Amino acid sequence: MNPLGTYLSVLAGPTIPLPLPPVLNGRVRTVTVTESDEDVTAFTITLDAGRTGPLAALDTPMLTASTLRPNARVVLVLTMAGIPQVLVDGIITESELVPGTSDQGAELRLTGRDVSLLLDREEKSVSHPGTDDYTRVLKIVAGYAANGIVPSVVPPPTLDPSLPIERIPSQQATDWEYLGDLAYFHGYVCYLTPTPVPGTSTLYWGPPVRVGVPQPALSIDLGPATNVQGAVTYRNDVLGPERLDGQVVDPRLGKALPVRTVASLRPPLAVRPVWAEHAKDLRTRQFRDSGVSTMTAYARAQAAMDRSADCVTAAGTLDGSSYGRVLRPRGLVGMRGAGWSYDGLWYVKRVVHTINRGSYTAAFGLTREGVGSTLPIVPVF
């Protein structure tokens, strides 16, 4: 139980987000924020849109006198145990009005996404001669410094800049789509995380974060210590992992060279990885990329196997008041009470935060490469 309570702060404005006035803040009914390592952070704010008083005779005040409107900048801050955490720094992209009926009051639903929208508005045709993927990412992100976006970019294991006389990399997409494509080739993820300073965000481009201090443990079937609502569903898909096998004609050597993968190189979270325990039964996919060097071909093949290796998943819903923290994705969390096979460390892939007046829950999706805990105990606090 959290003795300090849970508080949601909503900031909004056309350019600089400011706290909502008390009258408008009192109309907030529900806030939902969806965070994922494979997609943009999306949010929905549901407001009471009832019309009362003489000023509402002609129209709903929420549509005419509110800072919460399409293209407004919005920052949502959830404070638990006295620690504020910015859930999303985003932009409203859609509004939906549901007029009231005899059974239900009017509602205004505002939907938006994080500030990755700023990178996704313009489709570009750009050449990047003589650069590797890491340099291109830094170059693109640097163009958004004025929007409060700072880079956190991890160089890939393989840096293979193309020679201008061989090939000139070109971009035929928005900056956000192009960054996602480059991340995919290396088995990386690309996402934006808001910083503690409202109005600023960090663009992370790198491998999934599977090292470091985990978040407090999710506790299942442990009596008063339980902090998960209902049941947690575990799924083990032995058809998930794939190995790559094929060949590539190296343009510099003029020879066909084999390209094969045998194991995932991501930091292990389980004692018995599915790709190792069922090695002889793994699906094999042909490597068919062409026009790339042998080094690049190996990197792309390994990235494909790494992506497929996380085939064990867990899904459930967290009781925020019992957990006492804000569960965040794109990092590690402990699990206990499920038994040795599914206890231990997990990678948090997705979290859906739902904040109502009087309650906070978080539906989570976890993943790792196999079963069996690698730790005798996991951190509880």
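**A buried asparagine and a three-stranded sheet**

Okay, N227 counts as buried because its relative accessibility is 6%, and buried here means under 20% relative accessible area, with a 1.4 Å probe and protein chains only. Quick caveats: this is a predicted model, where local features need pLDDT of at least 70, side-chain atom pairs count only at pLDDT 80 or more, and totals for chains, interfaces and linings use all residues. Residues are numbered from 1 along each chain as its sequence is written, and side-chain values use heavy atoms, with hydrogens and water left out.

So where does N227 sit? In the loop between strand 13 (215-219) and strand 14 (228-236); strands are DSSP runs of E, at least two residues, and helices are runs of H or I, at least four, both numbered from the N terminus. A polar atom of the N227 side chain lies 2.8 Å from the backbone nitrogen of S219. Setting aside neighbours within four places in sequence, N227 is in contact (heavy atoms within 4.5 Å) with A217, L218, S219, L318, D319, S322 and Y323.

Now the sheet. There's an open one of 3 strands, order 16-15-18, with mixed pairing; a pair needs at least two DSSP bridges. Strand 16 (255-260) and strand 18 (283-287) are the edges, each pairing on one side only. From one strand to the next, the twist averages 15 degrees. Strand 15 (residues 242-250) runs parallel to strand 18 over 5 bridges, and L244 has R285 as its bridge partner in strand 18.

Lying across strands 15, 16 and 18 is helix 6 (residues 294-309), at about 170 degrees to strand 15. Those angles run from 0 to 180 degrees between N-to-C directions, using axes fitted to C-alpha atoms, for helices over the stretch in contact.

Technical notes
Buried means under 20% relative accessible area, exposed over 50%, partly exposed in between (1.4 Å probe, protein chains only). A polar contact is a pair of N or O atoms within 3.5 Å; within protein, one must be able to donate a hydrogen and the other to accept it, and residues adjacent in sequence count only if both atoms are side-chain atoms.
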